[in-house]
Amino acid sequence: MQLREKLRTEQRPERALVAHTVRMLFDCAQACTACASACLSEERITALRKSIKNSLDCADLCEATARMLSRGGAYDVDLIRAQIRTCTEVCVRSAEECERRGRGPACVEAAHRCVESCQALLAELG
């Protein structure tokens, strides 16, 4: 890859926005992990399998995305966009499932805040 091409695919977004997004990602991961743990203590655990899986998937993707963003420096824009988009989609699905089941208001709220922050970062990345 030519240096000029490489510079076009790497970008340094605003630090404050990245820091805020990382906090929202870790907050969401913690809330989703707690939600999954709470579901595991329910008697009707079989009915909650999808909620548990979605919550754990959301937590894992949020943590991975936060770690990627925490590395700092220039980002491979295509890679970080794809990661953030995937994370955002999983957060939305997890929140919808928890809302549908009337569970995890803290998880739902954290997921919504995370999605908003991720969308703001995506907008800055262009």
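Here is a walk through the fold, from the overall layout to the helix packing and then to three residues.

What you have above is a predicted model. Its secondary structure comes to five helices and two strands. If you follow the chain along the sequence, the order is α-β-α-α-β-α-α. Of the 126 residues in the protein, 42% are buried. The accessible surface is about 7300 Å², and carbon and sulfur atoms account for 51% of that. As for how the chain meets itself, take the contacts between residues at least 6 apart in sequence: 76% of these join residues at least 24 apart.

Now for the helices. Two packed helices are described by the angle between their axes and the distance between the axes. A good place to start is helix α3, which covers residues 49-70, and its packing with α2, residues 15-40. The axes of α2 and α3 come within 8 Å and cross at roughly 155°. Angles over 145 degrees count as roughly antiparallel, so α2 and α3 are roughly antiparallel to each other. Their crossing is left-handed. What kinds of residues make up the contact of α2 with α3? They divide into 18 nonpolar, five polar and one charged.

Helix α3 also packs with helix α4, residues 77-101. Here the angle is about 150°, and the axes are 9 Å apart. That makes α3 roughly antiparallel to α4 as well. The crossing of α3 past α4 is left-handed too. The residues of this contact split into 13 nonpolar, seven polar and five charged.

With those two pairings in mind, zoom in on some side chains. Start with Leu25, which sits in helix α2. Is Leu25 buried or exposed? Its relative accessibility is 0%, so Leu25 counts as buried. Once you set aside neighbours within four places in sequence, Leu25 is in contact with Cys62, Thr65, Ala66, Leu69, Cys87, Cys114 and Cys118. Cys62 deserves a second look: Leu25 and Cys62 are 37 residues apart in sequence, yet their C-alpha atoms are 5.0 Å apart in space.

Move over to helix α3 and you find Ser51. Why does Ser51 count as buried? Because its relative accessibility is 2%, and the cut-off for buried is under 20%. Beyond its neighbours within four places in sequence, Ser51 is in contact with Glu97 and Arg101. There is also a C-alpha distance to note here: Ser51 and Cys98 are 47 residues apart along the chain, and their C-alpha atoms are separated by 6.3 Å.

Asn54 is found in helix α3 too. With a relative accessibility of 15%, Asn54 counts as buried. Which residues does Asn54 touch, leaving out those up to four places away in sequence? They are Val90, Arg93, Ser94 and Glu97. Glu97 is thus a partner to look at twice, as it is in contact with Ser51 and is touched by Asn54.

To put the picture back together, α3 is roughly antiparallel to α2 and roughly antiparallel to α4. Leu25 of α2 is in contact with residues including Cys62 and Leu69, while Ser51 reaches Glu97 and Arg101.

Key:
Residues numbered from 1 in each chain as written. Predicted model: local features only at pLDDT ≥ 70, side-chain atom pairs only at ≥ 80, totals over all residues. Heavy atoms only, no water. Helix = DSSP H or I, 4+ residues; strand = E, 2+ residues; numbered from the N terminus. Buried < 20%, exposed > 50% of the residue type's maximum accessible area, 1.4 Å probe, protein only. Contact = heavy atoms within 4.5 Å. Axes fitted to C-alpha atoms, helices over the stretch in contact; angles between N-to-C directions. Parallel < 35°, antiparallel > 145°, perpendicular 65-115°, else oblique. Left-handed = near helix turned anticlockwise from the far one by under 90°. Nonpolar A, V, L, I, M, F, W, Y, C, P; charged D, E, K, R; others polar. Areas by Shrake-Rupley, 256 points an atom, 1.4 Å probe, with all protein chains shown as cover.
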